[in-house]
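Got the model open in your viewer? Switch to a cartoon view, keep the selection box handy, and follow along stop by stop.

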Amino acid sequence: MRPYILAESNWGTIKDAEFELAILPWGATEAHNYHLPYGTDIIESDFIAAESAKIAWEKGAKVIVLPTIPYGVNTGQSDIFLDMNLNPSTQFAILNDVLEVLNRQGIYKLLIFNSHGGNDFKPLVRELGLKFPKMFICISNWFQSLDKNLFFENPGDHADEMETSLLLYLKPLFVLSKEQWGNGKEKKHKIKAFSEGWVWAERKWSEISEDTGVGDPKSASKEKGEKYFKAVTQKMSDLFYEVCKADIQNLYE
Ligand SMILES: [Zn+2]
């Protein structure tokens, strides 16, 4: 039993415990190229949040990791078989209920540990922040916390070299053999401004990628996954620790 994982904790231990920060991992259930499992984002959430919490806990941070929310926003993948979708308004309702529990029970810091690019919590957190003024709510994207170029050769953002390497390290039995990996080639928008990043429209996933991947996984390896996992959990644990110890009435210098 890891004392910083709620799903493994029992009432006997937890009723007298005190926590400074709740971590809410949030994944998605969706196709990841031909070769990675639908639960890739859930697996990443579970492992990265747990290991980061372990490191922070051992330094003295009172963190509690809540169970991972397994569905995310997949509105752009409605025609991809069994890609599950949670609408942003449903996410709002879930987050509202989680915040109500924490607020009532005096855990005033929540970190949303996002693992899926389609989840966009900012507008939700803005609105919920007004509703729960005592709560400090923050959102993290571990997949943006480090420069991926230092770890991987090929860029990408979905079932790419990074995700394939992580899964080869964390859950190798769930990764199909290499000859079944698609090349994750992404078709770019004909209107250049969209590629420049200052105009946005949701990508129609089935039209931008043949195999559902974005980013070529061919250079992925277990070793790269391990190296990245260690670096990313170290970085996230520093964040957990700092948020735990921060005075939310006095955040700016
Ligand atoms: Zn993913």
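Start by selecting Ile-112 and Ile-139: the second of these, in strand S4, is the bridge partner of the first. Keep in mind as you look that this is a predicted model. Now widen the selection to residues 109-114, which are strand S3, and residues 136-141, which are S4; the two pair in the parallel sense over six bridges. Another pair to click on is Leu-111 and Cys-138, since Leu-111 stands opposite that cysteine of S4.

How does the chain get from S3 to S4? Select residues 122-131 and you'll have helix H4, which the chain passes through on the way, making a right-handed β-α-β crossover.

Next, show the whole sheet. Four strands make it up, in the order S2-S1-S3-S4, and the sheet is open with parallel pairing. Look at the edges: S2 and S4 sit there with a single partner strand each, so each has one side without a neighbour in the sheet. From one strand to the next, the twist averages 20 degrees. Bring H4 back into view: the helix packs on the sheet, where it touches S3 and S4, and its direction makes about 170 degrees with that of S4. Then add H2, which lies across S1, S2 and S3 and runs at about 165 degrees to S2.

Time to look at side chains. Select Val-63, Phe-113, Trp-142, Leu-166, Tyr-228 and Phe-240: of the 38 residues in the largest nonpolar core, these touch the most other members. Elements giving two or more residues to this core include strand S1 (21-26), helix H2 (40-58) and helix H8 (222-245). Which helix gives the largest share? That's H8, with seven residues.

Zoom in on Phe-240. Beyond its neighbours within four places in sequence, its contacts include Leu-21, Ile-23, Ala-49, Val-63, Leu-111 and Phe-113. There's another core apart from the largest one, with 22 residues; Leu-24, Leu-102, Leu-110 and Ile-137 are among them.

For the last stop, select residues 88-105, which form helix H3, and show H4 as well. The two helices pack at an angle of about 35 degrees, with their axes 10 Å apart, and their crossing is right-handed. To see where they meet, turn on side chains: H3 brings residues including Phe-92, Leu-95 and Leu-99, while H4 brings Leu-124, Glu-127, Leu-128 and Lys-131.

Conventions
Residues numbered from 1 in each chain as written. Predicted model: local features only at pLDDT ≥ 70, side-chain atom pairs only at ≥ 80, totals over all residues. Heavy atoms only, no water. Pairing = 2+ DSSP bridges. Right-handed = clockwise from strand over helix to strand, strands pointing away. Core = buried A, V, L, I, M, F, W, Y, C linked by side-chain atoms within 4.5 Å. Buried < 20%, exposed > 50% of the residue type's maximum accessible area, 1.4 Å probe, protein only. Contact = heavy atoms within 4.5 Å. Axes fitted to C-alpha atoms, helices over the stretch in contact; angles between N-to-C directions. Left-handed = near helix turned anticlockwise from the far one by under 90°.
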